[in-house]
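Thanks for coming. I will go through one structure today, part by part, and keep to what can be read from the model.

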Amino acid sequence: MAADSADAPRDMRADSALLRFITCGSVDDGKSTLIGRLLYDSKLIFDDQMAALESDSKKVGTQGGALDFALLVDGLAAEREQGITIDVAYRFFNTEKRAFIVADTPGHEQYTRNMITGASTADLAIILIDARKGVLTQTRRHSYLVSLIGMRHVVLAVNKMDLVGFDEATFTNIVNDYRAFAGRIGLTDITAIPISGLMGDNITTKSANTPWHRGPTLIEHLETVEVDSERLTRAPFRMAVQWVNRPDQSFRGFAGRIAAGAVKPGDRVRVSPSGRETTIARIVTQDGDLDAAHAGQSVTLTFADEIDCSRGDVIAEALQPLESSDQFEATIVWMDDAALLPGRQYVLKCAAKTVLASVSEPKHKINVNSLEQLAARTLELNEIGVCTLALDQPIAFAPYTENPELGGFILIDRATNATVAAGMLHFALRRAQNIHWQALEIDRTARARALGQRPAVVWFTGLSGSGKSTIANLVEKQLHALGRHTILLDGDNIRHGLNRDLGFTDADRVENIRRVAEVAKLMTDAGLIVLVSFISPFKAERDLARARVPEGEFIEVFIDTPLAVAEQRDVKGLYKKARSGQLKNFTGVDSPYEPPDAPELRIDTTAVDAEAAAKIIVERLVGDYVPNWDI
């Protein structure tokens, strides 16, 4: 059954019939076995691969020494040891009628994030169901994700039919159960096939064990399914700029992959979000200039005019331009072990654009079993919810249902660089277009000059009991004596009013600091020196506060007190309550504190008392940061 050189896969790039599909379902439904069987029955396994398969099947196989086709795909040692798929495995193969790229995605809930990766570029999904188990939670989860990602074609492969005696009633019940669920999530193009991945029934040839099945075999369906590859070509032209190509002074081109539509020299285009228009001069490729290009091609475009265009901008048809916005509703699939922290800034990547984005508290999350919309304050690993996004700058976009490339995005944690979520943009919020900045005659500089001082935010951070409030109070007294105009925002005081609705969960702590950072910014706009005394345990939120004011106006003061010393002081008795379990989410005990990496000032309270610390801070502030205006 081994392939010879004449059977080697041909160049996929030249085949317009290329079909990308994924296999997914619950753990141990037989996805890897199915792909291995496809390769085996299609005579696409080379002699050396066959020899390795026979050897590995005897050593680590799960079929009692018989060929274990899953080993053709499960390449990681951990996968072979556990008998499950962990990472996404891609395989390229072809038949006489079509070329294929298949992604074997993991079924275990722990690796749902990997399934999203495999599904992001697929045209069709094979949903496997173990005939003995029926439709399971992970089956529904993956089906819902397939629906979210916008795949129209689904093959329902009821596997391991040999273990239920190829019973037609069992197959029919599973199909009816699945169709009832799929109809509620918008999946209508479903082809159900009874198979045995291990034995080869209905994979490449009709099985004598299922005379009651009148539909196609799996490979027959994959070879003939109609993929709407022309839809994006018929759409208006869009291309995200991935690279500005300027090898010398005589050439300036904009490289990218055409996301939709077609383009030719002379076409009028608009660059978004700037809105500037020009005409296409050339379509440049490595093989020479083209007369036209269409969706899916990677090209370099040159303009007839010198206009500003950068990486992340989108070139679009001038008469049908893209919308730009900085606020959206979106569906988010959370893929990190640490929960979403509403209000925290994450890095958002959409097409080639990278911006900062804050995610609101979810409007709701989805129960993938019942499709019920549930109230939620955050999203945990593998949960799906609808949220509002606020970006630090506008981006050009298309709704995900219209164009996945321009409407899909990922979120990245700024501290760890880990991808924490994938999402789909629904629409821009109306308030993003209806709310504008009001021009003011008196600006922050004028207000500061009237007070005769430079505004600043002096941000005191440290553990509870470190002495922040005491030191900040002494600093304000000394600044007031020097004639400076100040305001002190203390953590406990603010929680009596502005933030009285917040608790002490990580999400509430993030929102606590976000609000205070905005207040501090407004007060520096008024020309004040703002002293902020908050534990502010997370570096990301302190960085957010720093970013809200001009460079040089944020002075981070780390009141560095060891936990043991702070706990020994315990003036308010909070550590005692936390240690006894009466006080949950207490910083330093059961909630983390992230010390500053490079604060402007560090005060070691084990070396100096509060009076001395305040004097040091005031001297530095007056001497380096907030001298009087030279009027």
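When I speak of strands pairing, I mean that DSSP finds at least two bridges between them. With that in hand, take isoleucine 22, whose bridge partner in strand 5 is alanine 103. Please keep in mind that this is a predicted model.

Isoleucine 22 brings us to strand 2. Strand 2, residues 19-25, pairs with strand 5, residues 99-104, in the parallel sense, over 5 bridges. Strand 2 is also joined to strand 6, residues 124-130, by 5 bridges, and these two run parallel as well. Here cysteine 24 has isoleucine 127 of strand 6 as its bridge partner. Is strand 2 mostly covered or mostly open? Mostly covered: of its 7 residues, 6 are buried.

Next, helix 1, residues 31-41. All of this helix is out of reach, with 11 of the 11 residues buried, so helix 1 is largely enclosed by the rest of the structure. The buried residues include Lys31, Arg37 and Asp41, along with Leu34, Ile35, Leu38 and Leu39.

Now a pair of helices. The axes of helix 5, residues 137-149, and helix 6, residues 168-184, come within 11 Å and cross at roughly 40°. That is why helix 5 counts as oblique to helix 6. The crossing is right-handed. Which residues make the contact? From helix 5 they are Thr139, Arg140 and Ser143, and from helix 6 they are Asp177, Tyr178 and Phe181. By class, that contact has 2 nonpolar, 2 polar and 2 charged residues.

On to a single residue, phenylalanine 237. Phenylalanine 237 sits in the loop between helix 8, 231-234, and strand 9, 238-240. Buried or exposed? Phenylalanine 237 has a relative accessible area of 2%, and therefore counts as buried, the cut-off being under 20%. Leaving out residues up to four places away in sequence, phenylalanine 237 touches Ile258, Ala260, Gly261, Ala262, Val263, Val269, Leu301, Ile315, Ala316 and Glu317. Histidine 294 is 57 residues from phenylalanine 237 along the chain, and their C-alpha atoms are separated by 8.2 Å.

Further along the chain there is an open sheet. This sheet has 5 strands in the order 27-28-26-29-30, with parallel pairing. Which strands are at the edges? Strand 27, 486-490, and strand 30, 601-604, each of which pairs on one side only. From one strand to the next, the twist averages 15°.

At one end of that order, strand 27 pairs with strand 28, residues 529-533, over 5 bridges in the parallel sense. Leucine 488 stands opposite leucine 531 of strand 28. Helix 14, residues 506-525, packs on the sheet and touches strand 26, strand 27 and strand 28. The direction of helix 14 makes about 150° with that of strand 26. Helix 12, residues 468-481, lies across strand 26, strand 27, strand 28 and strand 29, and runs at about 165° to strand 28.

Last, the chain as a whole. There are 18 helices and 30 strands. Of the 631 residues, 51% count as buried. Among contacts with a separation of 6 or more, 72% come from residues 24 or more positions apart.

That is what I had; questions are welcome.

Key
Residues numbered from 1 in each chain as written. Predicted model: local features only at pLDDT ≥ 70, side-chain atom pairs only at ≥ 80, totals over all residues. Heavy atoms only, no water. Helix = DSSP H or I, 4+ residues; strand = E, 2+ residues; numbered from the N terminus. Axes fitted to C-alpha atoms, helices over the stretch in contact; angles between N-to-C directions. Contact = heavy atoms within 4.5 Å. Parallel < 35°, antiparallel > 145°, perpendicular 65-115°, else oblique. Left-handed = near helix turned anticlockwise from the far one by under 90°. Nonpolar A, V, L, I, M, F, W, Y, C, P; charged D, E, K, R; others polar. Buried < 20%, exposed > 50% of the residue type's maximum accessible area, 1.4 Å probe, protein only.
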